[in-house]
Amino acid sequence: MNSHATLGILGGMGPAAGIDLCRKIVEQHPAERDQDHIPFILYSVPQIPDRTEALLRDGASPLEGMLDGVHALEQSGAGCIAIACNTAHAWLEALRTRTRLPVLDVVEAVAGELSRCVAPGSPIGLMATEGTHHANVYRPRLEALGYRFVRPAQPLAHQALVNEGIRLTKAGDVRQGGEALAMAMEPLLAAGAQRVILGCTEIPVALAAVQTPLARFGLDASAALARACIAWSLAHEADAEPPSRTSRTSRTSPTSSTSRP
């Protein structure tokens, strides 16, 4: 591969989320040897201002900090950017206008996963930060595709539980965070959701720590983004390699293992 096939990962929001995305890319890539894997560079600077604080409480904007990361990845030879934070996608278009590189879209990746595991028009749930909800990162685009978002019986208490699970996970208490987030899945499933989008990068990390059986109803946005990263890499590799080299480009990009209920 040439240097332009290198993936740049904008991480640090929080730091475990960027590492989790890297791990998922490695685990899901259809590689047969070390040299088959995607070259990637992780930019992890946790001092980027809090995204939810910026969106809800007039906190410092994270845009300049994210742009610093994007430009560092550009200079390091990245050919594409993936953002390891759902809430940061509120600034997706602003980032795209300030870089020459393509920036992958977690919502587009999740929409592709949904189309493979639930029927059009199915009820779905979303667990995310208050900032992601406030910025409408997911809802308008998925509703435009026909999906219906369910509402928990006690929305404020439900969001408080999600917030606490995310907070505990960021603070390093991943098991306690996972227990809170597993509890938060229950009202969405009780309201009829066929899948619950795990729309914060800390949520699947925490749920994995407690191994809840409810996790099978979750759609891991980070895993969906990892598969989009792999698809970009394989497509670029297929375009870049000479026609005589077909053995590696014949590999197909991974798809979700979930099936329609």
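This report walks through the helices, sheets and packing of a predicted model.

Local features are used only at a pLDDT of at least 70 and side-chain atom pairs only at pLDDT 80 or more, while totals for chains, interfaces and linings use all residues. Residue numbers start from 1 along each chain as its sequence is written, and side-chain values use heavy atoms, with hydrogens and water left out.

## The overall picture

Let's start with the whole chain. It has eleven helices and seven strands; these are DSSP runs numbered from the N terminus, with H or I and at least four residues for a helix, E and at least two for a strand. Of the 261 residues, 51% count as buried (under 20% relative accessible area, with exposed meaning over 50% and partly exposed in between, using a 1.4 Å probe and protein chains only). Among contacts (heavy atoms within 4.5 Å) with a separation of 6 or more, 75% come from residues 24 or more positions apart.

## The three-stranded sheet

One open sheet has three strands in the order 2-1-3, with parallel pairing. Strands pair here if DSSP finds at least two bridges between them. Strand 2 (40-44) and strand 3 (78-83) are the edge strands with a single partner each, so one side of each has no neighbour in the sheet. From one strand to the next, the twist averages 25°.

Strand 1 (residues 6-11) pairs with strand 2 over five bridges, and Gly8 sits opposite Ile41 in strand 2. Five bridges also join strand 1 to strand 3, where Leu7 faces Cys80. As for burial, six of the six residues of strand 3 are buried.

Helix 1 (residues 15-28) lies across strand 1, strand 2 and strand 3, and runs at about 170° to strand 2. Such angles run from 0 to 180 degrees between N-to-C directions, and the axes are lines fitted to C-alpha atoms, for helices over the stretch in contact.

## The four-stranded sheet

The other open sheet to look at has four strands in the order 5-4-6-7, again with parallel pairing. Strand 5 (148-149) and strand 7 (218-220) stand at its edges with a single partner strand each, so one side of each is left without a neighbour in the sheet. Strand 6 (residues 195-198) pairs with strand 7 over three bridges, with Val196 opposite Gly218. Helix 9 lies across strand 4 (123-127), strand 6 and strand 7, at about 155° to strand 4.

## Helix 8 and its two partners

Helix 8 packs with helix 9 and with helix 10, as set out here.

| Helix pair | Angle | Axes | Residue classes in the contact |
|---|---|---|---|
| Helix 8 and helix 9 | roughly 155° | within 7 Å | eleven nonpolar, five polar, no charged |
| Helix 8 and helix 10 | about 80° | 10 Å apart | four nonpolar, one polar, two charged |

In these classes, Ala, Val, Leu, Ile, Met, Phe, Trp, Tyr, Cys and Pro count as nonpolar, Asp, Glu, Lys and Arg as charged, and the others, Gly among them, as polar.

The axes of helix 8 and helix 9 (residues 174-190) cross at roughly 155°, so the two helices are roughly antiparallel. The cut-offs are under 35 degrees for roughly parallel, over 145 for roughly antiparallel, 65 to 115 for roughly perpendicular, and oblique for the rest. On the helix 8 side, the contact residues include Leu161, Gly165 and Leu168, and on the helix 9 side they include Gly177, Ala180 and Leu181.

With helix 10 (residues 202-210), helix 8 (residues 155-170) makes an angle of about 80°, which means that this pair is roughly perpendicular. Val162, Ile166, Thr169 and Lys170 of helix 8 meet Glu202, Ile203 and Ala206 of helix 10. The buried residues of helix 10 are Glu202, Ile203, Pro204, Ala206 and Leu207. Just after helix 10 comes Gln211, with a positive phi near 50°.

## A closer look at Ala54

Ala54 belongs to helix 2 (residues 51-56). Is Ala54 buried or exposed? Its relative accessibility is 18%, so Ala54 counts as buried. Setting aside neighbours within four places in sequence, Ala54 is in contact with Gly59, Ala60, Ser61, Pro62 and Trp91. The C-alpha atoms of Ala54 and Gly131 are separated by 8.3 Å, with these positions 77 residues apart along the chain count.
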